[in-house]
Amino acid sequence: MVDAPRITAQELKKRMDAGEDFTVIDTRNPQAWAESDTVIPEAIRVPLDELEQNLARIPKSRSVVAYCT
């Protein structure tokens, strides 16, 4: 598998503010969601260990950015 490029949180915000069309997948676990006040607008929340079972929820027509900690 090829390593995916990484971007910073600041670059992600810049791209979101510019209106770039992509899907954000928030792969943090439910405990991390509960402990954080960070919510990415329109992100699809899927714990990493459940990603494979949720692939159908991820649009294939645009780029994907995964958010994890």
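Strand 1 and strand 3 run in the parallel sense and pair over five bridges. Keep in mind as you look around that this is a predicted model. Strand 1 covers residues 22–26 and strand 3 covers 63–67. One rung of this ladder links Asp26 to Tyr67, its bridge partner in strand 3.

Strand 1 has a partner on its other flank too. Strand 1 also pairs with strand 2, again in the parallel sense, this time over two bridges. Put together, the three strands make an open sheet with the order 2-1-3 and parallel pairing. Strand 2 (44–45) and strand 3 are the edge strands, each pairing on one side only.

How many residues of strand 1 are buried? Five of its five, so strand 1 is mostly covered because buried means under 20% relative accessible area. Pick either face and you get a similar story: Phe22, Val24 and Asp26 are buried on one side, while Thr23 and Ile25 are buried on the other.

**A closer look at Asp26**

Asp26 is a good residue to click on. Asp26 is found in strand 1, and Arg45 of strand 2 stands opposite Asp26. Is Asp26 buried or exposed? Asp26 counts as buried because its relative accessibility is 1%.

The side chain of Asp26 has polar company. A polar contact of 2.7 Å joins the side chains of Asp26 and Arg28, and another, of 3.2 Å, joins those of Asp26 and Trp33. Setting aside neighbours within four places in sequence, Asp26 is in contact with Trp33, Ala43, Ile44, Arg45, Val46 and Tyr67.

Next along the chain comes Thr27, in the loop between strand 1 and helix 2. Thr27 counts as buried because its relative accessibility is 8%. Which residues does Thr27 touch, not counting those up to four places away in sequence? They are Val46, Pro47, Leu48, Tyr67 and Cys68.

**Inside and outside**

Here is how a handful of residues compare in how open they are.

| Residue | Relative accessible area | Class |
|---|---|---|
| Ala32 | 18% | buried |
| Leu51 | 25% | partly exposed |
| Ala4 | 60% | exposed |
| Glu42 | 78% | exposed |

Let's take these one at a time. Ala32 has its place in helix 2. From the C-alpha atom of Ala32 to that of Cys68 the separation is 9.6 Å, with the two residues 36 apart along the chain.

Leu51 sits in the loop between strand 2 and strand 3. Not counting residues up to four places away in sequence, Leu51 touches Ile25, Val46 and Ile58. The C-alpha atoms of Leu51 and Trp33 are separated by 16 Å, and these residues are 18 apart along the chain.

Ala4 belongs to the segment before helix 1. Ala4 and Arg15 are eleven residues apart along the chain, and their C-alpha atoms are separated by 17 Å.

Glu42 is the one to check for backbone geometry. You'll find Glu42 in the loop between helix 2 (30–35) and strand 2. What is the phi of Glu42 near? Its phi is near 65 degrees, a positive value in a residue other than glycine. For context, most residues other than glycine have a negative phi.

**The largest pocket**

Now for the empty space. Rolling a probe the size of a water molecule over the atoms shows where such space is left. In this model, the largest pocket holds about 1,300 Å³ of space. There are 39 residues lining the largest pocket, and the closest to its centre are Ile7, Val64, Val65, Ala66 and Tyr67.

Which elements each supply at least two residues of the lining? Helix 1 (9–17), strand 1 and strand 3 do. As for chemistry, the lining of the largest pocket divides into 25 nonpolar residues, six polar ones and eight charged ones.

Tyr67 is a handy landmark for tying these threads together. Tyr67 is among the residues closest to the centre of the largest pocket, it is the bridge partner of Asp26, and Thr27 touches Tyr67 as well.

How values were computed. Residues numbered from 1 in each chain as written. Predicted model: local features only at pLDDT ≥ 70, side-chain atom pairs only at ≥ 80, totals over all residues. Heavy atoms only, no water. 1 Å grid on protein atoms, 1.4 Å probe; cavity = no way out; pocket = protein on both sides within 12 Å on 5 of 7 lines; lining within 4 Å. Points joined across faces, edges and corners; volume = space filled by probe spheres on them. Helix = DSSP H or I, 4+ residues; strand = E, 2+ residues; numbered from the N terminus. Nonpolar A, V, L, I, M, F, W, Y, C, P; charged D, E, K, R; others polar. Pairing = 2+ DSSP bridges. Buried < 20%, exposed > 50% of the residue type's maximum accessible area, 1.4 Å probe, protein only. Polar contact = N/O pair within 3.5 Å; in protein donor to acceptor, adjacent residues only side chain to side chain. Contact = heavy atoms within 4.5 Å.
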